[in-house]
Number of protein chains: 2
Amino acid sequence: MELPSKLLEKAVNEISQLPGIGKRSALRLVLHLLKQPKEQANDLAEAIVNLRNSVQYCTVCYTISDNQVCEICSSPHRDKSVICVVEDIRDVMAIENTGMFKGVYHVLGGKINPIEGIGPAQLQINSLVDKVKKTLVSEIIFALSSTIEGDTTNFYIYKQLQNFDIKTSTIARGIAVGDELEYADEVTLGRSLLQRIPYKTSVNT
Amino acid sequence: MELPSKLLEKAVNEISQLPGIGKRSALRLVLHLLKQPKEQANDLAEAIVNLRNSVQYCTVCYTISDNQVCEICSSPHRDKSVICVVEDIRDVMAIENTGMFKGVYHVLGGKINPIEGIGPAQLQINSLVDKVKKTLVSEIIFALSSTIEGDTTNFYIYKQLQNFDIKTSTIARGIAVGDELEYADEVTLGRSLLQRIPYKTSVNT
């Protein structure tokens with residue numbers, strides 16, 4: 001796509017580097033910004049720069065937080081010995097929304113993905129192992145998405161932790177509550193059969 | 001969606017004001033930016049600010065241009081007496097890509113849309129009428145999208161121009177080249193029948 005203005009081209013190129021935004025969408029966004037008051041474009045730019053330059057991570061669980069230690073890690077009501085391993089802050093928010101988890105989190109910051117050049121060293125894996133070594137951890141719950149990358153990451157961490165005397169578990173995979181069996185994919189349905197649980201347990205939760 | 005960080009919340013709020021981007025997509029984009037080098041976020045912000053603050057419009061046709069008069073308006077090979085009225089720069093680019101148009105453009109900057117508070121005064125309509133008054137214009141071609149807003153805008157301009165001795169036309173609506181009749185919508189098919197053209201004309205172009 002050839003654009004008749006260098007300024008326009010630069011803005012479109014920068015915006016289209018964001019995931020899921022092509023050149024056409026970027027042009028649409030840019031033309032929208034041009035119709036808005038200047039302040040909106042300036043505020044947008046400022047918010048991006050401020051965030052990127054001043055973002056802070058909780059020094060305990062590595063989630064994004066305005067404080068050195070995030071609210072969850074500093075709460076006296078959370079069980080610090082149960083750690084849920086997640087990919088990023090979105091997963092923390094999703095699990096917090098359930099209101100079902102009273103432990104704490106450990107945010108890896110991604111999944112092992114050699115194609116994109118993300119190895120264990122780019123993730124908060126060593127700090128997790130350190131935490132297990134140095135603090136009283138009773139259980140690690142893996143809550144990564146069940147993709148190849150997620151499974152690889154789970155397995156890598158599991159290997160690192162297998163010599164420690166702790167429980168490791170993963171969240172249950174199965175048919176979503178309310179879903180019809182006939183529309184479920186075979187892998188999920190198969191797993192939910194293999195990993196069936198005592199009826200009494202399912203009624204109590 | 002409650003976010004655990006003010007900086008994060010500000011960035012998500014600003015990005016989700018863009019059209020077609022909700023809070024969730026905004027959070028995804030922000031988390032992506034946080035994984036990229038700082039330069040990328042800064043470049044993005046800079047490109048947006050630069051464009052918004054320094055954008056220039058061609059003083060003849062009002063398209064976005066780095067020069068006072070855009071390439072098309074300053075070209076000696078374009079027929080200045082035939083003016084194609086379009087909504088924005090995307091339409092200019094689309095028509096230029098056909099290589100079929102040798103006249104010049106007039107970019108309105110939008111369509112009349114009372115619901116969004118866009119009236120004739122917000123668009124480059126008076127400047128078009130001025131152009132017709134002061135320069136040698138033989139034909140005005142309306143190339144706005146055929147929505148209620150587009151048709152309203154066409155009609156408003158048509159009314160303004162009807163006392164001048166110029167031809168006004170609109171681009172042809174009809175079945176797209178290569179399309180099957182059975183899948184065409186009734187309005188388009190109906191129009192393409194009513195506005196049928198001599199067979200010889202269709203073969204020659």
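Mentor: A quick definition before we start: a crossing of two helices is left-handed if the near helix is turned anticlockwise from the far one by less than a right angle, and right-handed if clockwise. Bear in mind that this is a predicted model.

Trainee: Got it! So which hand is the crossing of α1(B) and α2(B)?

Mentor: Right-handed, as α1(B) passes α2(B).

Trainee: And at what angle do their axes cross?

Mentor: Roughly 120°, with the axes of α1 (residues 6-15) and α2 (residues 23-35) of chain B coming within 8 Å. Oblique covers what falls outside the parallel, antiparallel and perpendicular ranges, the last of which runs from 65 to 115 degrees, so α1(B) is oblique to α2(B).

Trainee: Which residues make the contact?

Mentor: From α1(B) there are B:L8, B:A11, B:V12 and B:I15, and α2(B) brings B:K23, B:A26, B:L27, B:L29 and B:V30. Eight of the contact residues are nonpolar, one is charged and none is polar.

Trainee: Switching topic: how are chains A and B related?

Mentor: Chain A superposes on chain B with an RMSD of 0.1 Å after a rotation of 180° and a shift of 0.1 Å along the axis. The two copies are therefore related as by a two-fold rotation axis. In chain A, the C-alpha of A:A45 is the nearest to that axis, at 2.1 Å.

Trainee: Nice. How many residues are in contact between the chains?

Mentor: 43 residues of chain A with 43 of chain B. On the chain A side, α3(A) gives the largest share, 15 residues.

Trainee: What's the mix on that side?

Mentor: The chain A side has 23 nonpolar, ten polar and ten charged residues.

Methods. Residues numbered from 1 in each chain as written. Chains lettered and ligands numbered in written order. Predicted model: local features only at pLDDT ≥ 70, side-chain atom pairs only at ≥ 80, totals over all residues. Least-squares fit on C-alpha atoms with pLDDT ≥ 70 in both. Axes fitted to C-alpha atoms, helices over the stretch in contact; angles between N-to-C directions. Helix = DSSP H or I, 4+ residues; strand = E, 2+ residues; numbered from the N terminus. Parallel < 35°, antiparallel > 145°, perpendicular 65-115°, else oblique. Contact = placed C-beta atoms within 7 Å. Nonpolar A, V, L, I, M, F, W, Y, C, P; charged D, E, K, R; others polar.
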